[in-house]
Amino acid sequence: MYRLVQVWRLRDQLLESTHEIERLPEGPRVVKTEALLLLLARALKPSGEPSSGGSSSGPGLPLDAAALDLQMKIEQEANDQYWLRYPGKTAPGLNEKVVQWVDSLSIQHESGSVSVDEEALNECHRVLASWVQEIESLLNPPIIVALRRPCPACRSNEVREELNGERVVNRAVVAQIRRGNQETSVLVLCRVCGAEWKGNDIHILEQLTRPA
């Protein structure tokens, strides 16, 4: 059931705008968190600003072009999932498709018990989590900080990458810092093996890679 709760939270991040109370030294204030799909729709409007987030549309394009690229990808994936479950039916709007998809994961039985198709649940979690991550990366790209320490998982110090057609060598382990309305999140990852650390795991990582 924990994975199902995670899916509900991802759905709410995509669809629901919320108000939360943030307690500051000068007193409490109400912070509004907009639904991610709503923010993405707003970003489709021409802004004239260069895109600072990662996008398959390429660097230097206006944010609306990058947002359109992502919006079309999400729409296509949502349509694919809908037609797999309801072949031949006319698809509703994007938000309704998401709601119906999540609702279809759990089946309420007459006995009161609830059953879940684990494979379908994991697929829904994977897709919705990717939407959340891609929208957040587009609208609020992280600050990247290279760390001068090897990855404790694969022991790599460096990674070879291509930049503007040239092969370059960068640090393997980086920290992604993303500032939000209420908190700053930090994710440390290895760009060679894909290992990730966040929260309390970052302190463990620091101990593992501390020079002797």
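**Entry 1: a salt bridge in helix 1**

I began with Asp-12, which forms a salt bridge with Arg-11, their closest N and O atoms lying 3.2 Å apart. The model is a predicted one, and I read every value below with that in mind. I then looked up how open the two partners are. Asp-12 has 32% relative accessibility and counts as partly exposed. Arg-11, in contrast, is buried, with a relative accessible area of 19%. The cut-off for buried is under 20%, so Arg-11 at 19% falls on the buried side.

**Entry 2: the whole chain**

I stepped back for an overview. The protein has six helices and 10 strands. Of its 212 residues, 28% are buried. I also looked at how contacts spread along the sequence. Among contacts with a separation of 6 or more, 45% are between residues 24 or more positions apart.

**Entry 3: helix 1 against helix 5**

Arg-11 turned up again when I looked at helix packing, since it is among the helix 1 residues that meet helix 5. Helix 1 covers residues 2-15, and its axis comes within 9 Å of the axis of helix 5. The two axes cross at roughly 35 degrees, and the crossing is left-handed.

I listed the residues on each side. Helix 1 contributes Arg-3, Leu-4, Gln-6, Val-7, Leu-10, Arg-11, Gln-13 and Leu-14. From helix 5 come Leu-121, Asn-122, Cys-124, His-125, Leu-128, Ala-129, Trp-131, Val-132, Ile-135 and Glu-136. By type, the residues of this contact are 11 nonpolar, four polar and three charged.

**Entry 4: helix 4 against helix 5**

Next I looked up a second partner of helix 5. Helix 4 (residues 94-103) packs with helix 5 (residues 118-139) at an angle of about 150 degrees. Their axes are 11 Å apart. This crossing is left-handed.

Which residues make the contact? On helix 4 they are Val-98, Trp-101 and Val-102. On helix 5 they are Glu-123, Cys-124, Val-127, Leu-128 and Trp-131. I sorted them by type and got seven nonpolar residues, no polar ones and one charged.

I compared the two lists for helix 5. Cys-124, Leu-128 and Trp-131 appear in the contact with helix 4 and also in the contact with helix 1.

**Entry 5: Glu-123 and its partner**

Glu-123 belongs to the contact with helix 4, and I wanted to know what else its side chain does. It meets the side chain of Arg-126 in a salt bridge, at 2.8 Å from N to O. The two residues are three apart in helix 5, so they are separated by about one helical turn. Glu-123 is partly exposed, with a relative accessible area of 29%. Arg-126 also counts as partly exposed, at 49% relative accessibility. I noted that exposed means over 50%, so the 49% of Arg-126 stays in the partly exposed class.

**Entry 6: salt bridges elsewhere**

How many salt bridges does a search of the whole structure find? It finds six. One of them I looked up in helix 3 (residues 63-85), where Glu-77 and Lys-73 both lie, four residues apart, about one turn of the helix. Their side chains meet at 3.2 Å, N to O. Glu-77 has 26% relative accessibility and counts as partly exposed, and Lys-73 falls in the partly exposed class at 30%. The pair does not stand alone: Lys-73, Glu-77 and Glu-134 are linked in a network of salt bridges.

**Entry 7: Asp-64**

While in helix 3 I checked Asp-64, which lies there. With 18% relative accessibility it counts as buried. Its C-alpha atom is 4.2 Å from that of Leu-44, although the two are 20 residues apart along the chain.

**Entry 8: cysteines**

Last, I searched for disulfides and found zero. Why does Cys-190 form none? Its closest cysteine sulfur, in Cys-151, is 3.7 Å from its own, which is too far for a bond. The cut-off is 2.5 Å between the sulfur atoms. Cys-193 gives a similar reading: the closest cysteine sulfur is in Cys-154, 3.7 Å away, and that is too far for a bond.

Are Cys-190 and Cys-193 buried or partly exposed? Cys-190 counts as buried at 2% relative accessibility, whereas Cys-193 counts as partly exposed at 40%.

Conventions. Residues numbered from 1 in each chain as written. Predicted model: local features only at pLDDT ≥ 70, side-chain atom pairs only at ≥ 80, totals over all residues. Heavy atoms only, no water. Axes fitted to C-alpha atoms, helices over the stretch in contact; angles between N-to-C directions. Left-handed = near helix turned anticlockwise from the far one by under 90°. Contact = heavy atoms within 4.5 Å. Nonpolar A, V, L, I, M, F, W, Y, C, P; charged D, E, K, R; others polar. Buried < 20%, exposed > 50% of the residue type's maximum accessible area, 1.4 Å probe, protein only. Salt bridge = Lys/Arg side-chain N within 4 Å of Asp/Glu carboxyl O.
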